[in-house]
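Open the model in your viewer and keep the selection tool at hand. This tour tells you what to pick next and what to look for there.

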Amino acid sequence: MLKYIVPLVLFVVLIVFLAIGLQNDPRYIPSPLIAKVAPAFSLPRLYAPDAKFGPDLLKGKVWLLNAWTSDCRGCRAEHPYLLELASQDIVSLVGLNYRDSNQLAKSLLDQTGNPYRIVVTDNSGSVGIDYGIYAVPETFLIDRKGVIRYKYIGPLGPDEIYGTLVPLIKRLKQEPA
Amino acid sequence: MKPSIKPNMKLSAALILPILLLLSSITLSVYAGVEVREFTDAEQERRYHKLIDELRCLVCQNQNLADSNSQLALDLRNKVFEMLAAEKTDQQVADYMVQRYGEYVLYNPPLDPVTSILWIGPILAVIAAILLLLIFIFKLSKTTPVTLSDEDRAKTKNLLDQKGDDE
Amino acid sequence: MIPELGQFALIVALICAFIQAVLPLIGSFTRIPNLIAVAKPAAQAQFLALSVAFACLVYAFVTHDFSVAYVAQNSNTALPLIYRVSAVWGAHEGSLLLWALTLGIWTFAVTIFSRQIPSIMLARVLSVMGWISIGFLLFMIITSNPFERLLTVPTQGKDLNPLLQDFGLAIHPPMLYIGYVGFSVAFAFAIAAMWSGRLDAAWARWSRPWTNVAWIFLTLGITLGSWWAYYELGWGGWWFWDPVENASLMPWIVGTALVHSLAVTDKRSSFKAWTALLAIFAFSLSLLGTFLVRSGVLVSVHSFASDPERGLFILVFLVLVVGSSLLLYATRAPLIKSHGHFALFSRETALLLNNVILVVLAISILGGTLFPIITVALELGKYSVGAPYFNFIFVLLGTPLALLLGFGQFTRWKQDNFERIVRPASIQIVISIILGGLTILLMPHFSVYALLGMVLAWWVAISTVYSFLQRFKNKSISLSALGKTPPSYYGTHIAHLGVMIFCIGITITSIYSSKKDVLLKPGDSYQMSEFSYRFEGAKPIVGPNYRGYEGLVIVTKNEKIIAEMKPQKRIYFSQQNPMTEAAIDAGVTRDLFVALGEQRGAEGAWTLRLYYKPFIRWIWFGAVIMALGGMIATFDKRYRRAKKRVAVKATASAAPGAPA
């Protein structure tokens with residue numbers, strides 16, 4: 001009788017899903033901002049607090065927005081790779097110092113180096129909310145039209161940078177502004 | 001090749017005092033969750049509590065905004081309160097969050113073909129099972145019950161009375 | 001030295017488990033008595049070895065042996081003794097050892113309390129349990145060794161998570177483990193019975209006490225967890241539908257179905273294949289729970305340090321154990337004939353419906369818990385499932401279940417007729433609605449869910465009492481009549497009354513609780529319904545491994561002092577985040593709950609959270625009564641029957657020719 005094999009079949013289906021689940025990161029949440037225009041903001045710059053910066057200032061360019069804090073271990077881990085990437089002049093890096101103290105941020109950059117062309121300070125975290133940031137470091141790739149095309153959550157390593165990000169950057173640079 | 005990152009000694013020496021001061025105030029103020037709010041009326045208070053109960057904290061992913069102690073949860077609770085004070089509707093608050101964090105931030109996602117399996121599934125399953133059950137019992141009633149002959153009954157009794165050490 | 005002894009003991013246990021699993025199995029096929037007889041001593045030796053290993057780990061903790069990595073990660077010198085012991089099972093490796101030890105305890109118990117069971121059957125049962133032991137011991141030795149040493153010995157350990165430094169949480173895991181590991185016995189019996197082709201009423205009767213006891217411990221374990229979360233986590237919640245909580249609830253639900261199904265198979269010889277499947281299902285859920293907690297496949301506040309490699313091991317183990325048992329079921333179940341015959345309107349039908357509802361509930365919870373994994377695997381996006389869904393399912397399925405409970409109790413076995421019960425049932429339903437309605441009138445505001453909950457609670461209460469009295473319909477309720485009533489009769493009715501109490505608790509607390517955050521200076525008061533909370537300030541305090549603040553809140557009602565509440569906020573030396581120790585004034589009909597928030601300003605003002613939680617204790621009290629009912633039922637004649645038969649045999653042989 002077929003009905004006796006049903007439990008076994010259902011079990012196998014369950015195991016398949018669990019096996020797939022083992023390979024995925026359960027904490028990963030896809031961003032709803034992909035393919036949407038990067039939310040506008042106007043934040044003071046870390047090294048020039050009277051000057052303001054917003055994403056519209058980089059229209060026509062392909063750039064990376066990297067959210068970080070001074071006490072986050074993942075940010076420290078990815079920092080050398082960001083420096084390396086910045087030195088190659090492929091793309092502009094903008095740092096979003098999220099909910100941090102300006103003093104701590106500056107001293108960290110002074111010590112470990114500054115890969116960012118511009119650093120803005122989001123002390124209240126409201127811009128972070130607009131970008132759906134929940135786990136620093138987070139990196140957004142923004143195209144020439146100001147649209148977010150890719151988001152990476154977690155510390156960037158050479159695989160992600162040279163395997164995914166750089167090819168994508170090169171492709172986006174071909175697109176019209 | 002991963003360069004090794006050595007902890008920087010200079011950082012600790014120069015900044016120990018300010019860090020300690022910062023940390024001591026952080027331990028008190030990061031402790032979020034108990035926020036005294038001035039609600040305009042009981043209805044607004046009820047709406048606020050309902051909203052923070054049904055929004056997920058993405059940092060402590062298995063807690064709602066109401067229960068989570070994380071900084072992001074505090075920021076978002078403040079945001080919800082701000083929006084309610086600005087006379088936004090519940091739907092507008094939910095949309096705001098979904099726009100930024102995705103559907104996952106809602107504990108009660110809207111019904112769509114995928115989630116409807118979850119909601120309607122159990123109801124269908126119970127109905128189906130009851131139907132199968134009724135069919136099964138109906139079929140059972142059509143068969144004649146097995147009865148023992150007197151001889152078999154006596155044999156069984158004898159067997160049961162012995163202490164069973166064999167199979 | 002001692003940790004090495006512990007490690008050695010683990011290996012010895014593994015060897016014993018191999019012997020226990022393999023030799024009796026061969027013996028049962030080849031009918032060689034010596035191989036069959038190996039089962040008991042091997043099982044007992046395994047238990048002994050596990051006890052030694054466990055004792056070694058406890059010793060390492062008590063003596064602050066930080067050369068053992070697990071000890072260094074989970075304790076430090078300031079940790080009080082009792083928590084050094086409970087830290088043994090506070091994290092992954094140690095809790096696995098507890099799992100293995102618990103399985104050893106159950107296996108040992110089976111070797112002791114098994115006089116009635118034929119030795120081949122017993123050999124198969126112990127063999128199955130041996131295979132499960134092998135899995136856990138291998139898992140531990142290969143991936144999660146609690147005795148691993150550190151090359152450089154730290155002078156100070158980290159600490160046990162302060163949340164776990166609590167008595168309630170210290171005993172919650174052992175209770176829980178005894179519970180869902182205990183379902184392995186019913187599982188093993190089912191497998192052994194299917195193997196031998198003898199899935200009969202005797203198998204059901206042997207399985208019942210084991211399943212009942214496991215169910216009792218699981219009930220208590222889950223209840224302890226809920227109660228602990230309530231007073232320790234600080235926000236008045238008592239169930240969060242967290243994946244790990246669900247992982248313990250699902251075996252409980254299926255276990256409840258199994259307890260009822262075994263009763264039918266025992267008494268009426270029906271549902272044999274179904275009962276066997278439930279036994280497999282219940283234990284499979286226990287194993288699945290182990291997987292969910294330790295593999296990192298789901299996000300949970302409870303999960304141990306997750307590691308996909310460990311997850312893979314458990315998954316393979318799951319496939320082997322559950323897969324082979326379901327394969328056995330698929331091949332053997334069609335051969336089983338259930339001769340029990342029953343009509344549409346009978347207690348059998350009611351119990352089958354009970355099973356259907358419980359199983360659908362368990363599967364719904366499973367589906368909801370795994371839904372995010374499934375939708376991501378199918379690339380449908382990331383969906384959120386949480387309390388709103390689970391609460392909906394619980395109410396949706398709990399309602400017909402509660403209704404059924406009443407009917408099931410006074411329906412007759414095999415065949416009943418509708419006319420006989422329609423009158424008393426209708427009267428009881430009407431009375432329940434009236435009493436439910438009256439109860440709601442006493443409440444602060446109307447709620448249709450509250451009405452539903454109270455009507456169902458009254459229905460369960462009245463129908464249970466009515467059912468109990470049915471036994472004494474034709475005789476008076478004398479002490480002797482009560483004394484002759486079998487414990488299982490008392491147990492069933494008491495357990496069902498426990499359900500009613502539980503139902504009242506969750507209904508009233510869910511709907512009529514209130515909460516308020518306030519800012520009070522010393523001397524300020526806040527009025528919440530009939531209670532007045534006066535804040536008298538907070539002072540700094542120091543504990544064995546923490547420092548913090550303690551506030552004083554005086555609660556008065558009608559000018560009379562009801563309680564002096566002392567909420568604390570602690571900062572453990574080893575952590576940065578502060579912990580709340582809420583002050584709770586417990587009461588039979590309500591709890592008052594005060595938690596400290598933060599200090600504001602220079603005048604000693606603090607933010608406080610005030611809770612009013614009506615009838616919340618009824619939730620846990622109801623669960624405890626359910627467990628009590630189970631305990632009373634387990635003391636039934638099962639063991640006395642064997643003695644009686646021996647006594648009858650003795651008189652029969654003493655007086656030949658006399659009727660047996």
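Select Arg590(C). Is this residue buried or exposed? Arg590(C) is buried: its relative accessible area is 13%, and the cut-off for buried is under 20%. Keep in mind that this is a predicted model.

Now colour the strands of chain C. Arg590(C) belongs to strand β9, which covers residues 590–600.

Next, show side chains. Which residue shares a polar contact with Arg590(C)? Pick Asp585(C): its side chain and that of Arg590(C) are joined by a polar contact of 3.0 Å.

Stay here and display the neighbours. Leaving aside residues up to four places away in sequence, Arg590(C) touches Phe531(C), Ile562(C) and Asp585(C). Add Tyr612(C), Lys613(C), Pro614(C) and Phe615(C), which Arg590(C) also touches.

**Next stop: aromatic rings**

Show every Phe, Tyr and Trp. How many aromatic pairs does a search of the whole structure find? The count over all chains is 44.

Zoom to one of them, Phe54(C) with Trp89(C). This pair is stacked. The ring centres are 6.4 Å apart, and the planes differ by 10 degrees. Planes under 30 degrees apart count as stacked.

Now trace the backbone from each ring. Phe54(C) sits in helix α3, residues 39–62 of chain C. Trp89(C) sits in the loop between α5 (81–86) and α6 (92–112). The pair therefore ties together parts that lie 35 residues apart in sequence.

Check the surface too. Phe54(C) is buried, at 13% relative accessible area. Trp89(C) is buried as well, at 14%.

Then select a cluster linked by ring pairs. From chain B, take Trp119(B). From chain C, take Trp239(C), Trp241(C), Tyr389(C), Phe390(C), Phe392(C) and Phe394(C).

**Last stop: where chain C meets chain A**

Hide everything but these two chains. Select the contact residues: 30 come from chain C and 19 from chain A. Together the two chains bury about 2,100 Å², with 85% of that area on carbon and sulfur atoms.

How many salt bridges does the rule find across this interface? The number is 0. Polar contact turns up in 2 residue pairs, both at pLDDT 80 or more.

Now look at chain C's side. Helices α11 (272–295), α12 (308–332) and α13 (347–377) each supply at least two of its residues. The largest share, 12 residues, comes from α12(C).

Finally, colour this side of chain C by residue type. You should get 25 nonpolar, 4 polar and 1 charged.

Methods:
Residues are numbered from 1 along each chain as its sequence is written. Chains are lettered from A and ligands numbered from 1 in the order in which they are written. This is a predicted model: local features need pLDDT of at least 70, side-chain atom pairs count only at pLDDT 80 or more; totals for chains, interfaces and linings use all residues. Side-chain values use heavy atoms; hydrogens and water are left out. Contact means heavy atoms within 4.5 Å. Buried area is the accessible area (1.4 Å probe) that two parts lose on being put together, summed over both. A salt bridge is a side-chain nitrogen of Lys or Arg within 4 Å of a carboxyl oxygen of Asp or Glu. A polar contact is a pair of N or O atoms within 3.5 Å; within protein, one must be able to donate a hydrogen and the other to accept it, and residues adjacent in sequence count only if both atoms are side-chain atoms. Helices (H or I, at least four residues) and strands (E, at least two) are DSSP runs, numbered from the N terminus. Ala, Val, Leu, Ile, Met, Phe, Trp, Tyr, Cys and Pro count as nonpolar, Asp, Glu, Lys and Arg as charged, and the others, Gly among them, as polar. Rings of Phe, Tyr and Trp (its six-membered ring) pair if their centres lie within 6.5 Å; planes under 30 degrees apart count as stacked, over 60 as edge-to-face and the rest as tilted. Buried means under 20% relative accessible area, exposed over 50%, partly exposed in between (1.4 Å probe, protein chains only).
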